[in-house]
Amino acid sequence: MMQNDKTFRIFAWFADISLLLCLFIEVVFPHTLVSQASLVLFFCCTALLVLQQRRVHLSWWMGVFALFILWSAVVSFGWAFDRSTSLDMIQTMVITTGFFFFLYQYLLLRANLRRYLELYVISALLIVLWLLSREFTLDWSTTRLGYADGIHPNTVGMISAFAFGMCIYLAGKKWRLLWWIPALVLLFAVALTMSVKSVALAGVLFICMLLVRFPRKWGWKLAGILVGGAAVFSLVIFTDNPLSAGVFSRVREVALYVLKGEGVGGSSTERLSLIQAAWGWFVQRPMTGWGLGSFRLMDGSLGLYAHNNYLELLVSGGIPLALIYYAGQVGALLYAAREIRRSKAEDKENGFAEARRLVFVFCVFLAAHLVLDLAVVSYYERQDAVFFVLLFAAARLLRLQQDGALNRSAKFSVSCDFLPSRKETNENR
């Protein structure tokens, strides 16, 4: 069996370590030679795994990204506000697509998606500990975790929130109490970033992962969690206490602005002005846009991105670019739903229930990020935009495992999720 193959285990461990380094270094040393070297190392280790297993996996999402890059290039040469900026962003997207391609190979050849969750949690924990070790002397009532090291606190907060949700899921297995240790550290990091989005994300993922792990009588559990959450929310928002005056001060500002119209709501006013400016530029060129990354150079942008991924794409490449991008996102959800339904129909002994549950977990992560896209620009960020690739891999792996198609073939083979599986081909014959 492949999993018992000693050579495979060695190559897999090399790939694991290179991915962990890549996830960590890409955040703490972004846009440096060190981060580029970590990417190359991961590419090389995964390529060795491909050669050792003599298999490469293709997917239709790769065609979607190729079309995304192609249309972006057409806009850059035809209508870009600043061609050099647009072409630089296209280069970034090419590298991001390369990372997604090799990650897809790693996930399917490693055939252990729990290992990816573990690596993501470990990398997030290392990022948090790295920042805390460098910033522990700062005043946390006024300073947000990450700013002193040039890392946006929202980035740290969202990575920590997603890793926190993964810890809740992982805690359902053996050594389950062990995963609560990084979960608490990551939750503490979310608070220190003072990111409203990250706090909300951590809360939503906490509820969803608990219900995924313990689905029985989920109605009563959900009601209890919501009541407890409402009590904590009221305590933080509507009373004066150390939390509301400290790490949750920004959360309180935004909540009071939204609920009562009090104050300025942190950065809410600025974000609304960016959204209005982005919409104004979009309606001027709804079909072509102005080129990738161009909005931050235009009037009304304040030198920033639109803080809304949907509008950022509409400004960058018009309606076609936004439709291309989100076709891949929505397509991943539909593809996963089809594979879950097919697996349930064929799995008479319920032997793949855990694999289906893991696919559903990645559905939750992607759905959460689609909502987050209303307040962030994520299309070019490797760790932010990766969740649809993870979902494709989880759904494809479920199909391959159920078909018994993970064993190595004698010759180099290609697996495609847009072609009939081996089992379907044999049945048709």
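Phenylalanine 102, which is placed in helix H4 (residues 83-110), is in contact (heavy atoms within 4.5 Å) with Phe42, Phe43, Thr46 and Ala47 once its neighbours within four places in sequence are left aside. Its C-alpha lies 6.4 Å from that of threonine 46, although the two residues are 56 apart in sequence. The model is a predicted one, in which local features need pLDDT of at least 70 and side-chain atom pairs count only at pLDDT 80 or more, while totals for chains, interfaces and linings use all residues. Residues are numbered from 1 along each chain as its sequence is written, and side-chain values use heavy atoms, with hydrogens and water left out.

**Overall architecture**

- The secondary structure of the protein chain comprises 16 helices and 2 strands, where helices (H or I, at least four residues) and strands (E, at least two) are DSSP runs numbered from the N terminus.
- Of the 429 residues in the protein chain, 53% count as buried, a class defined by a relative accessible area under 20%, with exposed meaning over 50% and partly exposed in between (1.4 Å probe, protein chains only).
- Among contacts in the protein chain with a separation of 6 or more, 74% join residues that are 24 or more positions apart.

**Two covered helices**

- Helix H6 (residues 153-170) has 18 residues and reaches 25 Å from its first C-alpha to its last, close to the 26 Å expected at 1.5 Å a residue; the expected span is 1.5 Å times one less than the number of residues.
- H6 is mostly covered, with 17 of its 18 residues buried.
- H15, with 17 residues, spans 24 Å from first C-alpha to last, close to the expected 24 Å, and 16 of those 17 residues are buried.
- Just after H15, glycine 404 takes a positive phi of about 65°.

**Nonpolar core**

- The largest nonpolar core (a set of buried Ala, Val, Leu, Ile, Met, Phe, Trp, Tyr and Cys residues joined through side-chain atoms within 4.5 Å) has 127 residues, of which Leu103, Phe365 and Tyr379 touch the most other members.
- H13 supplies the largest share of this core, 13 residues.
- Not counting residues up to four places away in sequence, tyrosine 379 touches Phe68, Met89, Met93, Leu292, Gly293, Asn309, Glu312, Leu313, Ser316, Tyr325 and Ala385.
- In soluble globular proteins, nonpolar side chains tend to be buried together.

**Second largest cavity**

- A search of the whole structure finds 2 cavities of 30 Å³ or more, a cavity being a set of points, on a 1 Å grid over the protein atoms alone, where a 1.4 Å probe fits but cannot get out.
- The second largest cavity has a volume of about 40 Å³, the volume being the space filled by probe spheres set on grid points that are joined across faces, edges and corners.
- Its lining residues (those with an atom within 4 Å of a point) are Tyr325, Gln329, Leu366, His369, Leu370, Asp373, Ser378, Asp384, Ala385, Phe387 and Phe388.
- Helix H13 (309-346), helix H14 (353-372) and helix H15 (387-403) are the elements that give two or more residues to this lining, and the largest share, 3 residues, comes from H14.
- The lining divides into 6 nonpolar, 3 polar and 2 charged residues, where Ala, Val, Leu, Ile, Met, Phe, Trp, Tyr, Cys and Pro count as nonpolar, Asp, Glu, Lys and Arg as charged, and the others, Gly among them, as polar.

**Partly exposed aromatic residues**

- Tryptophan 71 lies in helix H3 (residues 60-79) and is partly exposed, with a relative accessible area of 22%.
- Beyond residues up to four places away in sequence, tryptophan 71 touches Trp79, Met287, Thr288, Gly317, Pro320, Leu321 and Ile324, and its C-alpha is separated by 9.8 Å from that of glycine 291, 220 residues apart along the chain.
- Phenylalanine 412, in the loop between H15 and strand S2 (413-416), counts as partly exposed at 47% relative accessibility.
- The C-alpha atoms of phenylalanine 412 and arginine 55 are separated by 5.5 Å, with their positions 357 residues apart along the chain, and phenylalanine 412 touches Val50, Arg54, Arg55 and Val56, not counting residues up to four places away in sequence.

**Positive phi in a loop**

- Most residues other than glycine have a negative phi.
- Leucine 302, in the loop between helix H12 (268-284) and H13, has a positive phi of about 60° although it is not a glycine, and at 58% relative accessibility leucine 302 counts as exposed.
- Histidine 307 lies in the loop between H12 and H13 and has a positive phi near 60°.

Definitions and conventions: 1 Å grid on protein atoms, 1.4 Å probe; cavity = no way out; pocket = protein on both sides within 12 Å on 5 of 7 lines; lining within 4 Å.
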